[in-house]
Amino acid sequence: MRSLLNVTLAVSIAIVLCADKAEAATQRVNIKLGGEYCKFYLIEVDKALKRVAGVKGVDFQTMKDHVIVTMVHGKVKPQDLLSAIRGVKGEGYHCTGHFDGEPGPVQD
């Protein structure tokens, strides 16, 4: 009985460790921003992207007129990112985005 309990405990720990490792894998994607006056609404773009499940970080500083999104690998659909950006709009302004190259490599 004790060995069964030990095996069960070991398997449970292994599952948690594997799930934690899978969660740690990230990927970056570069999106070129456009749209009428979008560059004045980057705070709203930031908030919209961070509401997408699986997005870990948003970087507007590395490349002018681009956003680099860090996300959990395999958890984010690329179209969800573009939809979030397109959702930033109002009277007289709107934002658009398109992918500038392929998503970056998966990183731990």
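## Exercises on a predicted model

Y93 is buried, with a relative accessible area of 17%. The model is predicted, and the exercises below work through its aromatic pairs, its backbone angles and its largest pocket.

**Exercise 1.** Classify Y93, Y41 and F40 as buried, partly exposed or exposed.

*Solution.* Step one is the cut-offs: buried is under 20% relative accessible area, exposed is over 50%, and partly exposed lies in between. Step two applies them. Y93 has 17%, so it is buried. Y41 has 25% and is therefore partly exposed. F40 has 58%, so F40 is exposed.

**Exercise 2.** State how many aromatic pairs the whole structure holds, and describe the geometry of each pair.

*Solution.* The search of the whole structure gives two aromatic pairs. One joins Y37 and F40, with 6.3 Å centre to centre and 35 degrees between the planes. Planes under 30 degrees apart count as stacked and those over 60 as edge-to-face, so the pair of Y37 and F40 is tilted. Another joins Y41 and Y93, at 3.6 Å centre to centre with 5 degrees between the planes. An angle of 5 degrees is under 30, so the pair of Y41 and Y93 is stacked.

**Exercise 3.** Locate the two partners of the stacked pair, Y41 and Y93, along the chain.

*Solution.* Y41 sits in the loop between β1 and α2. Y93 belongs to strand β5, residues 93-94. The two residues are 52 residues apart, and the pair links distant parts of the chain.

**Exercise 4.** Examine the phi angles of Y37 and D65, and place each residue in the fold.

*Solution.* Begin with the background: most residues other than glycine have a negative phi. Y37 has a positive phi, near 65 degrees, and lies in the loop between β1 (26-34) and α2 (42-50). Its relative accessibility of 46% makes Y37 partly exposed. D65 is not a glycine either, and its phi is positive at about 65 degrees. D65 is in the loop between β2 (55-59) and β3 (66-72) and is partly exposed, with a relative accessible area of 38%.

**Exercise 5.** Give the volume of the largest pocket and sort its lining by class.

*Solution.* The volume is about 190 Å³. The lining consists of L33, G34, G35, Y37, C38, K39, L42, F60, M63, K64, D65 and H66. Sorted by class, this lining has six nonpolar, three polar and three charged residues. Y37 and D65, the residues of the phi exercise, are both among the lining residues.

Notes: Residues are numbered from 1 along each chain as its sequence is written. This is a predicted model: local features need pLDDT of at least 70, side-chain atom pairs count only at pLDDT 80 or more; totals for chains, interfaces and linings use all residues. Side-chain values use heavy atoms; hydrogens and water are left out. Helices (H or I, at least four residues) and strands (E, at least two) are DSSP runs, numbered from the N terminus. Buried means under 20% relative accessible area, exposed over 50%, partly exposed in between (1.4 Å probe, protein chains only). On a 1 Å grid over the protein atoms alone, a cavity is a set of points where a 1.4 Å probe fits but cannot get out, and a pocket is an open set with protein on both sides within 12 Å along at least five of seven lines; lining residues have an atom within 4 Å of a point. Grid points are joined across faces, edges and corners, and a volume is the space filled by probe spheres set on the points. Ala, Val, Leu, Ile, Met, Phe, Trp, Tyr, Cys and Pro count as nonpolar, Asp, Glu, Lys and Arg as charged, and the others, Gly among them, as polar. Rings of Phe, Tyr and Trp (its six-membered ring) pair if their centres lie within 6.5 Å; planes under 30 degrees apart count as stacked, over 60 as edge-to-face and the rest as tilted.
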